[in-house]
Amino acid sequence: MNIIVFGATGGVGQQVVKQALEEGFKVTAFVRNPNKLEVTHERLAVVQGDAFQPAEVAAAIAGHDAVVSCLGSSQGMRPSTELEQMTKHIVDGMKQHQVKRIVYTASAGIDRELPGISGKLIMYMLRHAPKDHKAAVDYILRHDLDYTIVRPLGLTNKPFTGQYREAATGVPEKSMSIPRADVAHFIIKALQDIRAM
């Protein structure tokens, strides 16, 4: 499988690139700064570009079997539409080049699914990023794509475990955090499930 990864220099993105290569994928990393990419490999192509530039995004997507988005916002705790804008460019590029498969990394809370008082507090404190992710996800859902929306909670840099719980809706019971490497493992697994069909 030939995939392109947006946000390939971030914590989850670096892990996706590494694990995809280990699984035999061909990988294109779409990055603003290639110097931040920690991985080199004969099956890795690096495209320097800006996800806010639709022509650059569309050109990079051409010829791939699937898209992985691990994009984040640079706005931190402030209101932003960055993720929505970048995702629109990705989806439009996919439609232009007839690429159907996307795995999009959002965050828990985009569907206001975090339970309890603490969940409500977290969703309020971090409300701007989930709102931007939600707008991006809604754009994906409107465009007849084969999608998986990943909603991790409490990303950490702890080592890979391969032991994590999944839930199609809501969050797994007593979930607090997950290593970025495990999120990447789930993303690769989702892509492999499609490949096996």
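A crossover is called right-handed if, with the strands pointing away from the viewer, the path from the first strand over the helix to the second runs clockwise. I begin with that definition since the opening of this chain is a case of it: β1, α1 and β2 make a right-handed β-α-β unit. Please keep in mind throughout that what we are looking at is a predicted model.

Let me first set out the overall plan. The protein has six helices and eight strands, and along the sequence these follow the pattern β-α-β-β-α-β-α-β-α-α-β-β-β-α. Of the 197 residues, 45% are buried, and if we take the contacts between residues at least 6 apart in sequence, 63% of them join residues at least 24 apart.

Now to the sheet. Six strands form an open sheet, in which the order is β3-β2-β1-β4-β5-β6 and the pairing is parallel. The edges are taken by β3 and by β6, residues 146-150, and each of these has a single partner strand, so one side of each is left without a neighbour in the sheet. From one strand to the next the twist averages 15 degrees.

Looking more closely at one part of the sheet, β1 and β2 pair in the parallel sense over five bridges, and within that pairing I3 has V27 of β2 as its bridge partner, while V5 has A29 of β2. Two helices that pack on the sheet deserve a mention here. Helix α1 touches β1, β2, β3 and β4, and its direction makes about 165 degrees with that of β1; helix α3, for its part, touches β1, β4 and β5, with a direction about 170 degrees from that of β5. Moving on from β1, we find that β2 and β3 also pair in the parallel sense over five bridges, with A29 standing opposite V46 in β3. As for burial, β2 is mostly covered, since five of its six residues are buried.

What does the largest nonpolar core contain, and which residues have the most contacts inside it? It has 27 residues, and those with the most contacts inside it are I3, V16, V27, V68, I187 and L191. At least two residues of this core come from each of β1, α1, β2, β4 and α6, the last of these being residues 180-195. There is also a second, separate core of 23 residues, which includes I4, F30, A51 and V57. As general background, nonpolar side chains in soluble globular proteins tend to be buried together.

I3 is a useful residue to follow in the viewer. If we leave aside its neighbours within four places in sequence, I3 is in contact with A20, F25, K26, V27, T28, H64, A66, V68 and L191.

V57, which I named in the second core, brings us to helix α2, residues 54-61, where V57, A58, A60 and I61 are buried. Seen down the axis of α2, these buried residues fall within an arc of 165 degrees, so they line one face of the helix. The general reason such a face can form is that an α-helix has 3.6 residues a turn, so residues three or four places apart point the same way. On the other side of α2, A55 and A59 are exposed. The buried residues of α2 pack against β1, β2, β3, β4 and α3, and just after the helix G63 takes a positive phi of about 90 degrees.

I would like to finish with two single residues. Is Q19, which lies in helix α1, buried or exposed? Q19 has a relative accessible area of 9%, and because the cut-off for buried is under 20%, it counts as buried. Leaving out neighbours within four places in sequence, Q19 is in contact with A181, A184, H185 and I188.

The other residue is S177, which sits in the loop between β7, residues 155-156, and β8, residues 178-179. With a relative accessible area of 45%, S177 is partly exposed, because that value falls between the 20% limit for buried and the 50% limit for exposed. Beyond its neighbours within four places in sequence, S177 is in contact with L153, G154 and T156. S177 and P152 are 25 residues apart in sequence, yet their C-alpha atoms are 7.8 Å apart in space.

Technical notes: Residues numbered from 1 in each chain as written. Predicted model: local features only at pLDDT ≥ 70, side-chain atom pairs only at ≥ 80, totals over all residues. Heavy atoms only, no water. Core = buried A, V, L, I, M, F, W, Y, C linked by side-chain atoms within 4.5 Å. Buried < 20%, exposed > 50% of the residue type's maximum accessible area, 1.4 Å probe, protein only. Helix = DSSP H or I, 4+ residues; strand = E, 2+ residues; numbered from the N terminus. Contact = heavy atoms within 4.5 Å. Arc of directions from axis to C-beta. Pairing = 2+ DSSP bridges. Axes fitted to C-alpha atoms, helices over the stretch in contact; angles between N-to-C directions.
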